[in-house]
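Trainee: I would like a close look at the salt bridges in this protein. Please walk me through the residues that form them, and then through the parts of the chain around them.

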Amino acid sequence: RSSPDTTITMPGMSRVAITAGAYQAVGGSIYPDSGRGFSGLNAVKPDLIAPGVNVTGPVLPDQYGLRSGTSISAALTAGACAQMFQWGIVENNMRYLNTTELKNLLIRGAGRDEERVYPSPVYGYGTLNVYDALLRLRELYKKKTAKSERLSFKEKVFFTMGVAKKL
């Protein structure tokens, strides 16, 4: 059933997808055309919000200009994910890092306004905060590394493959 309070559609409605709404970084107001949830599947959507109003970026030909929209907030969120995957997988710190864990780290690191209730169908779990998400990633890495040091060789093989269970 159509509703102005549930505007996110597939594939963003999927529980696996990382969905970003847009807000204005100066002042914190939500972008009027930003998608809203919760989804019809009762998943929290958007997962978080990222800057998406008057964001400076490259425009053609070889200049910079202001852009607004959820495509901007989605691009910033994708860049944050790329940074975290770079540290985890490419730099060989957490080879098993997957989208579900990454989404949870972004949610745990999200900035929250004390005056709002979270999760919110407009603000999700809060604002994208790459710094705090990377701190959570480092904490997770330290815990898993410490646990890994107590495992047998066979358990370490399964642990690094993401199974993380004892045989």
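Mentor: We will start with how to read the model, go on to the charged pairs, and then move out to the loops, helices and strands.

This is a predicted model, in which local features need pLDDT of at least 70 and side-chain atom pairs count only at pLDDT 80 or more, while totals for chains, interfaces and linings use all residues. Residues are numbered from 1 along each chain as its sequence is written, and side-chain values use heavy atoms, with hydrogens and water left out.

The pLDDT is the predictor's confidence in each residue, on a scale from 0 to 100. Its mean for this protein is 81, and 83% of the residues reach 70 or more. Over residues 156-167 the pLDDT is below 50, although this stretch has 18 contacts in the model beyond near neighbours in sequence; a contact means heavy atoms within 4.5 Å. Where pLDDT is low, predicted coordinates should not be read in detail.

Now to your salt bridges. Side chains of opposite charge can pair when their charged atoms come close. The rule used here asks for a side-chain nitrogen of Lys or Arg within 4 Å of a carboxyl oxygen of Asp or Glu, and it gives three salt bridges.

A good place to begin is Asp47, found in the loop between β1 and β2; helices (H or I, at least four residues) and strands (E, at least two) are DSSP runs, numbered from the N terminus. One partner of Asp47 is Lys45, with 3.1 Å between the closest N and O atoms. Another partner is Lys103, where the closest N and O atoms are 3.4 Å apart. That second pair links distant parts of the chain, because Lys103 sits in helix α2 (residues 99-109) and Asp47 in the loop between β1 and β2, 56 residues apart. Together, Lys45, Asp47 and Lys103 are linked in a network of salt bridges.

Both pairs also appear as polar contacts, meaning N or O atoms within 3.5 Å; within protein, one atom must be able to donate a hydrogen and the other to accept it, and residues adjacent in sequence count only if both atoms are side-chain atoms. The side chains of Asp47 and Lys45 are joined at 3.1 Å, and those of Asp47 and Lys103 at 3.4 Å.

How accessible is this network? Buried means under 20% relative accessible area, exposed over 50%, and partly exposed in between (1.4 Å probe, protein chains only). Lys45 is buried, because its relative accessibility is 0%. Asp47 counts as buried at 2%, and Lys103 is buried too, at 11%. Leaving out residues up to four places away in sequence, Asp47 touches Ala17, Ile18, Thr19, Lys103, Ile107, Gly124, Tyr125 and Gly126.

The remaining bridge joins Asp113 to Arg116, with the closest N and O atoms 3.3 Å apart. Here Asp113 is partly exposed at 32% relative accessibility, and Arg116 is partly exposed at 30%.

Lys45 has a further neighbour in Pro121, which lies in the loop between α2 and α3 (130-149). Pro121 touches Arg36, Gly37, Phe38, Lys45 and Pro46, again not counting residues up to four places away in sequence. Its C-alpha is 9.7 Å from that of Ala43, although Pro121 and Ala43 are 78 residues apart in sequence. At 31% relative accessibility, Pro121 is partly exposed.

The loop that holds Asp47 also contains Ala25, between β1 (20-23) and β2 (48-51). Ala25 is exposed, since its relative accessible area is 52%. Ala25 and Val53 are 28 residues apart in sequence, yet 7.3 Å apart in space, C-alpha to C-alpha.

Further along the chain, strand β3 (residues 55-59) runs antiparallel to strand β4 (residues 63-67), and five bridges join them; two strands pair if DSSP finds at least two bridges between them. Val59 stands opposite Gln63 in β4. Three residues lie between the strands of this hairpin, where Asp62 takes a positive phi near 50°.

We can finish with helix α1 (residues 70-90). Its buried residues are Ile72, Ser73, Thr77, Ala80, Cys81, Met84 and Gly88. An α-helix has 3.6 residues a turn, so residues three or four places apart point the same way. After α1 comes Asn92, whose phi is positive, near 65°.
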